[in-house]
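Reader: I've just opened this one and don't know my way around yet. Can you walk me through it?

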Amino acid sequence: MKPTTLSTPLAAPADALPAMRLPNDRWRPLEIIFWLSPLLAYFLFPGYLVLISQIMIVGLFALSLDLILGYAGIVSLGHAAFFGLGAYTAGLLSVHGWGEPISGLLAAGALAALAGFIVSFLVVRGNDLTRLMVTLGIGLMFFEAANKAAFITGGVDGLQGMMVGKLFGVFEFDLYGKAAFFYSFAVLLILFALLRRIVHSPFGLSLVGIREGGRRMPAIGANVHRRLTVAFTIGAAVAGVAGALLAQTTQFVGLDSLSFARSAELVIILVLGGTGRLYGALIGAMVFMLAQDYIAGLNPAYWQFWIGLLLIVIVLFARGGILGGLEKIRDRFVSQGGRK
């Protein structure tokens, strides 16, 4: 009689085990189509280039929050502080004679990253409620500081006298928004590719692990505070670049770039599109900006009512935002097709 071993009854066939795959950074065909669509819109909607540029800038801003909220799980209501800091950095450089766009963009991102790094030591050590209050307080402090320093920022009147130079010394920012369109598209694509690479790296996976169970991550040797600090700093830098991009393409900076309303709108955008997906930030920005533009054209006084109604519908019937709802519909069709 053959002796039985413990491994025999417990062993499972290889095909019965679920296939565990790590995320990869290969670009899918649907993603390539998505990134070709703005170029198609350039030719189909030449009268809306300014609006499309605004959508791309807001999408970049939303990406910066998605990294720290959707992946790292850091709740923030003051992310506009870094957006406004980047906008004022580019604006002040332009006002004082340095109007070269690319270097202004880099300077804005670097200063916002430095501010984010300093602030991160206050943010990452608290729980969700503490982080919410700290980020809100920081955002309000930045807003009031810019308001009081009217001799530098222009206060409620905004920063006047911006003169942004030609892009690469050739392409001038005009009223039709052609240069601003390609400039915004290029910056968005480059930073999206960078963030996409980050979230698909081991560092990005560790952020998801911290979000899902931060107390367990030190058991595998992960320094939680250090990873959250890095993520927060990167998010602040991207937000600063987005702010500088808005300032350069519109050649104006106002206090609204630092306002609480801008931070709140950013959270709404992520809820609409879906957090922790990157593309959710872009889809949410597109839906929010187009809805705002269309509804405000119909009724300028009550457009926020319809935006609020849209948000309630998304939260109730599409958990995970628009992309989360689409994924559930796809999975349902796939499961039904598998049963047949």
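Author: Sure. Keep in mind that this is a predicted model. Start with two helices, α2 and α12: their axes come within 13 Å and cross at roughly 35°.

Reader: Which hand does the crossing of α2 and α12 have, left or right?

Author: The crossing is left-handed.

Reader: And which residues make the contact?

Author: On the α2 side, E31, F34 and W35; on the α12 side, Y279, L282 and I283. By class, that contact has five nonpolar residues, no polar ones and one charged.

Reader: OK, switching to pockets. What volume does the largest pocket have?

Author: About 970 Å³. It is lined by 24 residues, and R28, R277, Y279, L323 and E327 are the closest to its centre.

Reader: Which elements give two or more residues to that lining?

Author: α2 (29-44), α8 (178-199), α9 (202-213), α12 (279-298) and α14 (321-339). The largest share is from α14, with four residues.

Reader: How does the lining divide by class?

Author: Into 13 nonpolar, four polar and seven charged residues.

Reader: What about the second largest pocket, what is its volume?

Author: About 530 Å³. Its lining has 18 residues, of which S37, P38, I52, I55 and M286 are the closest to the centre.

Reader: Which elements give two or more residues there?

Author: α2, α3 (49-71) and α12. So the two helices we began with turn up again.

Reader: And how many nonpolar, polar and charged residues are in that lining?

Author: 15 nonpolar, two polar and one charged.

Definitions and conventions
Residues are numbered from 1 along each chain as its sequence is written. This is a predicted model: local features need pLDDT of at least 70, side-chain atom pairs count only at pLDDT 80 or more; totals for chains, interfaces and linings use all residues. Side-chain values use heavy atoms; hydrogens and water are left out. On a 1 Å grid over the protein atoms alone, a cavity is a set of points where a 1.4 Å probe fits but cannot get out, and a pocket is an open set with protein on both sides within 12 Å along at least five of seven lines; lining residues have an atom within 4 Å of a point. Grid points are joined across faces, edges and corners, and a volume is the space filled by probe spheres set on the points. Ala, Val, Leu, Ile, Met, Phe, Trp, Tyr, Cys and Pro count as nonpolar, Asp, Glu, Lys and Arg as charged, and the others, Gly among them, as polar. Axes are lines fitted to C-alpha atoms, for helices over the stretch in contact, and angles run from 0 to 180 degrees between N-to-C directions. A crossing is left-handed if the near helix is turned anticlockwise from the far one by less than a right angle, and right-handed if clockwise. Contact means heavy atoms within 4.5 Å.
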